[in-house]
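Please open the model in your viewer and keep the sequence panel beside it, since this tour moves from one selection to the next. At each stop, select what is named and then look at what surrounds it.

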Amino acid sequence: AYAVFKVRWAQRQVETFCSQVTIGDPLQGYEAKAKDFWLEIRQTQEYTNPEGRHYPARLLVWEGFVFARWFCEIGHANSKVISKKIVELD
């Protein structure tokens, strides 16, 4: 029962958080908001691979249980949100 509760809670928390992210907003404040939702946070840096493909910096906000995890992936550049999407990892 705990696993089912944890997965549903994680999905609801991530979806609610991600729905409050607005493209064009400053990135500042979203880490604190994620903590208010009891979500995990990871930050990646922007980079360009050897083939020339560019990847923006990302703020990954996530929660879940074992393999059932939900992510809100926020792309950002120049301290502004440029994209967002929800990803589920089963």
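Begin by selecting Ala57 together with His76, a residue of β5, because the two stand opposite each other. Bear in mind from the outset that what you are looking at is a predicted model.

**The strands around β5**

Now extend the selection to the whole of strand β4, residues 57–65, and to β5, and you will have two strands that run antiparallel and are joined by nine bridges. Further along this pairing, Glu63 can be picked out opposite Trp70 in β5. If you follow the chain from β4 into β5, you pass through a hairpin with two residues between the strands, and Val66 in that turn has a positive phi of about 55°.

Next, keep β5 selected and add β6, which pairs with β5 in the antiparallel sense over nine bridges. Cys72 is a good residue to highlight here, and its bridge partner in β6 is Ile86. With both neighbours of β5 in view, colour the strand by accessibility: eight of its ten residues are buried, so β5 is largely enclosed by the rest of the structure.

Step back now and show the sheet as a whole, which is open, has four strands in the order β1-β4-β5-β6, and is paired antiparallel. At its edges are β1 and β6, each of which pairs on one side only. Looking across the sheet, you can follow a twist that averages 20° from one strand to the next. Add helix α1 to this view, and you will find that it packs on the sheet, where it touches β4, β5 and β6, and that its direction makes about 155° with that of β4.

**Two loop residues with positive phi**

Return to the connection between β5 (68–77) and β6 (80–89), and select Asn78 in the loop there. In this hairpin, which has two residues between its strands, Asn78 takes a positive phi near 50°. Is Asn78 buried or exposed? Its relative accessible area is 77%, so Asn78 is exposed.

For a second case, move to the loop between α2 (30–36) and β1 (40–44), where Trp38 is found. Although Trp38 is not a glycine, it has a positive phi of about 65°. Trp38 also counts as exposed, because its relative accessibility is 67%.

**The aromatic rings**

Hide the strands for a moment and display the aromatic side chains, among which the count comes to five aromatic pairs. One of them is formed by Phe17 and Tyr30, whose ring centres are 6.3 Å apart and whose planes stand at 85°, so the pair is edge-to-face. This pair links distant parts of the chain, with Phe17 in helix α1 (residues 2–19) and Tyr30 in helix α2, 13 residues apart. Both Phe17 and Tyr30 are buried.

Keep Phe17 selected and add Phe37, since these two rings have their centres 6.1 Å apart and their planes at 75°, so this pair too is edge-to-face. Because Phe17 lies in helix α1 and Phe37 in the loop between α2 and β1, the pair ties together parts that are 20 residues apart in sequence. Phe17 counts as buried because its relative accessibility is 0%, and Phe37 counts as buried at 15%. Shown together, Phe17, Tyr30 and Phe37 are linked by ring pairs into a cluster.

**The nonpolar core**

In soluble globular proteins, nonpolar side chains tend to be buried together. To see such a group here, select the largest nonpolar core, which has 17 residues, and in which those with the most contacts are Phe17, Tyr30, Leu39, Leu59, Val61, Cys72 and Ile74. The elements that give two or more residues to this core are α1, α2, β4 and β5, and α1 gives the most, with four residues.

For the last stop, centre the view on Val61 and ask which residues it touches, leaving aside those up to four places away in sequence. The residues that Val61 touches are Phe17, Ala34, Leu39, Glu40, Trp70, Phe71 and Cys72.

How values were computed: Residues numbered from 1 in each chain as written. Predicted model: local features only at pLDDT ≥ 70, side-chain atom pairs only at ≥ 80, totals over all residues. Heavy atoms only, no water. Buried < 20%, exposed > 50% of the residue type's maximum accessible area, 1.4 Å probe, protein only. Phe/Tyr/Trp six-rings, centres within 6.5 Å; stacked < 30°, edge-to-face > 60°. Pairing = 2+ DSSP bridges. Axes fitted to C-alpha atoms, helices over the stretch in contact; angles between N-to-C directions. Contact = heavy atoms within 4.5 Å. Core = buried A, V, L, I, M, F, W, Y, C linked by side-chain atoms within 4.5 Å.
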